[in-house]
Amino acid sequence: MSLMPGWKKMQISSYKDIFEKIRIKFLFNHPFLSVLALSIDSVFSENKNSAFLTNGFKITIDSSKLEKYSKEEITYLYTHTLLHIVLKHPYRQKTRDKYIWNKSCDLVINNILSTFENIGEKPDDEIIDLTLKDKCVEEVYEILYKEKKEEQSKITPKKNGNLQTNKYNKSKLDLDEVLKNSEKINQEKIDGIIIQALSIAKKASNTY
């Protein structure tokens with residue numbers, strides 16, 4: 001068994017401190033996100049594509065891929081990944097195209113987060129298209145699917161700020177395969193966490 005290099009341990013330790021501060025920030029600003037962050041397992045491990053990866057019930061964080069992001073951007077990406085779990089995006093993919101589904105999910109979440117405050121700063125490599133606001137991920141998927149899955153498509157942002165997009169690349173694929181043998185157990189666990197989070201958040205504010 002190979003031992004983890006000292007610099008890698010220090011790097012992970014540093015990021016663990018950052019995530020602890022993020023969770024404290026959630027506690028004061030977003031009770032809903034606070035419960036999710038404290039209840040959903042997160043581990044540090046290498047991911048193939050993105051800095052954050054979720055299979056619907058846990059989050060895998062690749063510390064080496066976090067280096068290009070600021071603390072505020074890490075906060076945003078963590079929030080983004082938590083919402084993937086809340087909206088059960090890995091479970092809803094089914095037989096759909098993985099690339100287009102990931103892109104659709106990211107668009108839906110980033111549109112939602114555009115209405116949030118105190119969740120950090122959206123990285124430049126995160127796509128957003130407010131013309132798709134209030135559409136569910138399946139609707140967005142159908143729209144993108146009909147656009148012939150053009151991976152390198154580029155839409156010019158409108159000056160009024162209602163539309164912002166960036167090219168979507170494989171480094172943003174943050175949804176992992178759902179393990180079928182434990183799907184029901186994991187969904188029940190996540191449902192319980194979400195209900196608890198909503199209950200606590202409702203007592204604190206009407207935001208959610």
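Reader: In this predicted model, are helices α2 and α3 roughly parallel or roughly perpendicular to each other?

Author: Two packed helices are described by the angle between their axes and the distance between the axes. In this predicted model, the axes of α2 (residues 31–39) and α3 come within 11 Å and cross at roughly 80°. Angles of 65 to 115 degrees count as roughly perpendicular. The two helices are therefore roughly perpendicular.

Reader: Which residues of α2 and α3 make the contact, and how many of the residues in the contact are charged?

Author: On the side of α2, the contact is made by F32, L33, L36 and A37. On the side of α3, Y78, T79, L82, L83 and V86 take part. By class, eight of these residues are nonpolar and one is polar, and the number of charged residues is none.

Reader: Why can α2 be called largely enclosed by the rest of the structure?

Author: A residue counts as buried when its relative accessible area is under 20%. The residues of α2 that are buried are P31, F32, L33, S34, V35, L36 and A37. The helix is largely enclosed because the buried residues number seven of nine.

Reader: What is the reach of α3 from its first C-alpha to its last, and how many of its residues are buried?

Author: Helix α3 covers residues 71–86, which makes 16 residues. At 1.5 Å a residue, a span of 22 Å is expected, and the computed reach of 23 Å is close to it. The helix is also mostly covered, and its buried residues number 14 of 16.

Reader: Which residue with a positive phi follows α3?

Author: Most residues other than glycine have a negative phi. In the loop between α3 and α4 (89–92) there is a residue that is not glycine and has a positive phi, near 55°. The residue that follows α3 with this value is K88.

Reader: Where is N118 placed, and is N118 buried or partly exposed?

Author: N118 is not a glycine, although its phi is positive, about 60°. The place of N118 is in the loop between α5 and β4. Its relative accessible area is 41%, so N118 is partly exposed.

Reader: What kind of aromatic pair do F19 and F52 form?

Author: F19 lies in helix α1 (residues 6–29) and F52 in strand β2 (residues 52–54), 33 residues apart, and the pair thus links distant parts of the chain. F19 is buried at a relative accessible area of 1%, and F52 is buried at 4%. Their ring centres are 6.0 Å apart, with 75° between the planes, and the pair is edge-to-face.

Reader: Which residues do ring pairs link into a cluster?

Author: The count of aromatic pairs comes to seven. F19 and F52, which form one aromatic pair, also belong to a cluster linked by ring pairs. The members of that cluster are F19, F26, F44, F52 and Y78.

Reader: Which residues does P123 touch, not counting those up to four places away in sequence?

Author: P123 is found in the loop between α5 (98–113) and β4 (128–129). P123 is buried, with a relative accessible area of 1%. Its C-alpha atom is 8.8 Å from that of E72, although the two residues are 51 positions apart along the chain. The residues touched are Y69, E73, Y76 and L77.

Reader: What separates the C-alpha atoms of N102 and D176?

Author: N102 is found in helix α5 and is buried, with a relative accessible area of 0%. It touches Y168, K172, L173, D174 and L175, not counting residues up to four places away in sequence. D176 is 74 residues from N102 along the chain, and their C-alpha atoms are separated by 9.8 Å.

Reader: How many helices and strands does the protein chain have, and what percentage of its residues count as buried?

Author: From the N terminus on, the elements run α-α-β-β-β-α-α-α-β-α-β-α. In total there are seven helices and five strands. Of the 208 residues, the share that counts as buried is 46%.

Definitions and conventions
Residues are numbered from 1 along each chain as its sequence is written. This is a predicted model: local features need pLDDT of at least 70, side-chain atom pairs count only at pLDDT 80 or more; totals for chains, interfaces and linings use all residues. Side-chain values use heavy atoms; hydrogens and water are left out. Helices (H or I, at least four residues) and strands (E, at least two) are DSSP runs, numbered from the N terminus. The expected span of a helix is 1.5 Å times one less than its number of residues. Buried means under 20% relative accessible area, exposed over 50%, partly exposed in between (1.4 Å probe, protein chains only). Axes are lines fitted to C-alpha atoms, for helices over the stretch in contact, and angles run from 0 to 180 degrees between N-to-C directions. Angles under 35 degrees count as roughly parallel, over 145 as roughly antiparallel, 65 to 115 as roughly perpendicular and the rest as oblique. Contact means heavy atoms within 4.5 Å. Ala, Val, Leu, Ile, Met, Phe, Trp, Tyr, Cys and Pro count as nonpolar, Asp, Glu, Lys and Arg as charged, and the others, Gly among them, as polar. Rings of Phe, Tyr and Trp (its six-membered ring) pair if their centres lie within 6.5 Å; planes under 30 degrees apart count as stacked, over 60 as edge-to-face and the rest as tilted.
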